[in-house]
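Please work through the exercises below with the sequence and the structure at hand. Each task is followed by a stepwise solution.

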Amino acid sequence: MMERKAKRMRLDKFLCETGAGTRSEVKKLIAKGSVSVNGMPVKDAGARISEETDRVELCGAPVLYKAFEYYMLYKPAGVISASKADLRDKNTRCVVDLIETKCRNDLFPVGRLDKDTEGLLLITNDGALAHRLLSPRKHVWKTYYAELSAPLSDEDIRRLEGGVDIGDETPTLPCEIRLTEPGNPLSIRISIREGRYHQIKRMMEACGSEVTYLKRLSMGPLMLDETLSPGAYRELKEDELAALLSL
Ligand code: URA
C-alpha cells in the first residue's frame, strides 16, 4: 500500500485547496489579517505550515483540510462526469457538485460514465490512484447492469465474451456476461476490463441490440453501496480504500 506523507505547504496554497478562494483572494485575506495559525495572526502568504499539526482559522472559523478525499457517489442519470474545471459552461451540473461536504476544490471523477448512465463513481483528488485504476495496462474489471432493447442470443453472448469489433483499431478484450434472471436475455450483468468511449452501448449495437438502461455496480474491488440512492454519496470506508490502494 502506498504511504502518504503529510506535507508542509504555503499558507495561501493550503487555503486555496480548501476552497477558501482563488490564490489572489486568499492572499488578500491573509494580508488583511483574517487568517491565524495556532491562534496567531499570520500576514505572510508564503508562511509554511503543516497540514496535519497546525490549526488554521479564517475569520475565526477553523479551516478543515484533508490532503486526500475519497467519495463513493451513486451517479444519477442527467449529470455529467466531470469537475467544474473540465467544463466550459460553468452552469452545467457535474458529479463533483453533488459532493456537498467536500473540503477540497480539486476533486474529480475517476473515469467517466455517460450522462444517461447511473451507478458507482469514485470521486477523489488522488491522481496517482486514479491513474492506476484507469491505466489500460492494469485491466481493472468494471461490472455493469444493463437492460437491452433486443435479446442477446447465446451466439451473441459467446461473440461478445470473446471480443467484438466495435469500429476501433482492435476488437474489445474478452469480457464476462451473465443473464440477471434465467430465461430473460433483455437484462444482463457485463464485466469489462477496458474503458472505451460508450463501450457497452457499442458492444450491444454490434449485436443488433441497444442499451436502454445502464448502471455501474463495481470498479475493481469497490462495489456500489446499495443503501445509497441515486445522487447520494459517502466517504470510502478504510477497508475499501485499502483495497483500492493495494491494486
Ligand atoms: N459503457 C457505456 O456505453 N457507457 C458508460 O457510461 C459506461 C460504459
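The exercises concern the ligand site and one residue of a strand. The model is predicted: local features need pLDDT of at least 70, side-chain atom pairs count only at pLDDT 80 or more, and totals for chains, interfaces and linings use all residues. Residues are numbered from 1 along each chain as its sequence is written, and side-chain values use heavy atoms, with hydrogens and water left out.

**Exercise 1.** Identify the residues that surround the ligand and sort them by class.

Solution. Begin with the shell, where a residue counts if one of its heavy atoms lies within 4 Å of the ligand. The surrounding residues are Leu113, Asp114, Thr117, Tyr144, His198, Gln199, Ile200, Lys201 and Leu214. Next, assign classes: four are nonpolar, three polar and two charged. Finally, consider the elements: helix H5 (residues 199-205) gives the most to this shell, with three residues.

**Exercise 2.** Find which polar atoms lie by oxygen atoms of the ligand, and state how much of the ligand the protein buries.

Solution. Start with Thr117, whose polar side-chain atom lies 2.9 Å from a ligand oxygen. Turn then to the backbone: a polar atom of His198 is 3.3 Å from an oxygen atom of the ligand, and an N or O atom of Gln199 lies 3.4 Å from one. Taken alone, the ligand exposes 240 Å² (Shrake-Rupley method, 1.4 Å probe), and the protein buries 96% of that.

**Exercise 3.** Is Thr143 buried or exposed, and which side chain does its own contact?

Solution. First, locate Thr143 in strand S10 (residues 142-148). Secondly, Thr143 is buried because its relative accessible area is 14%, and buried means under 20% (1.4 Å probe, protein chains only). Lastly, a polar contact (a pair of N or O atoms within 3.5 Å, one able to donate a hydrogen and the other to accept it; residues adjacent in sequence count only if both atoms are side-chain atoms) of 2.7 Å joins the side chains of Thr143 and Ser191.

Key. Helices (H or I, at least four residues) and strands (E, at least two) are DSSP runs, numbered from the N terminus. Ala, Val, Leu, Ile, Met, Phe, Trp, Tyr, Cys and Pro count as nonpolar, Asp, Glu, Lys and Arg as charged, and the others, Gly among them, as polar. Buried means under 20% relative accessible area, exposed over 50%, partly exposed in between (1.4 Å probe, protein chains only).
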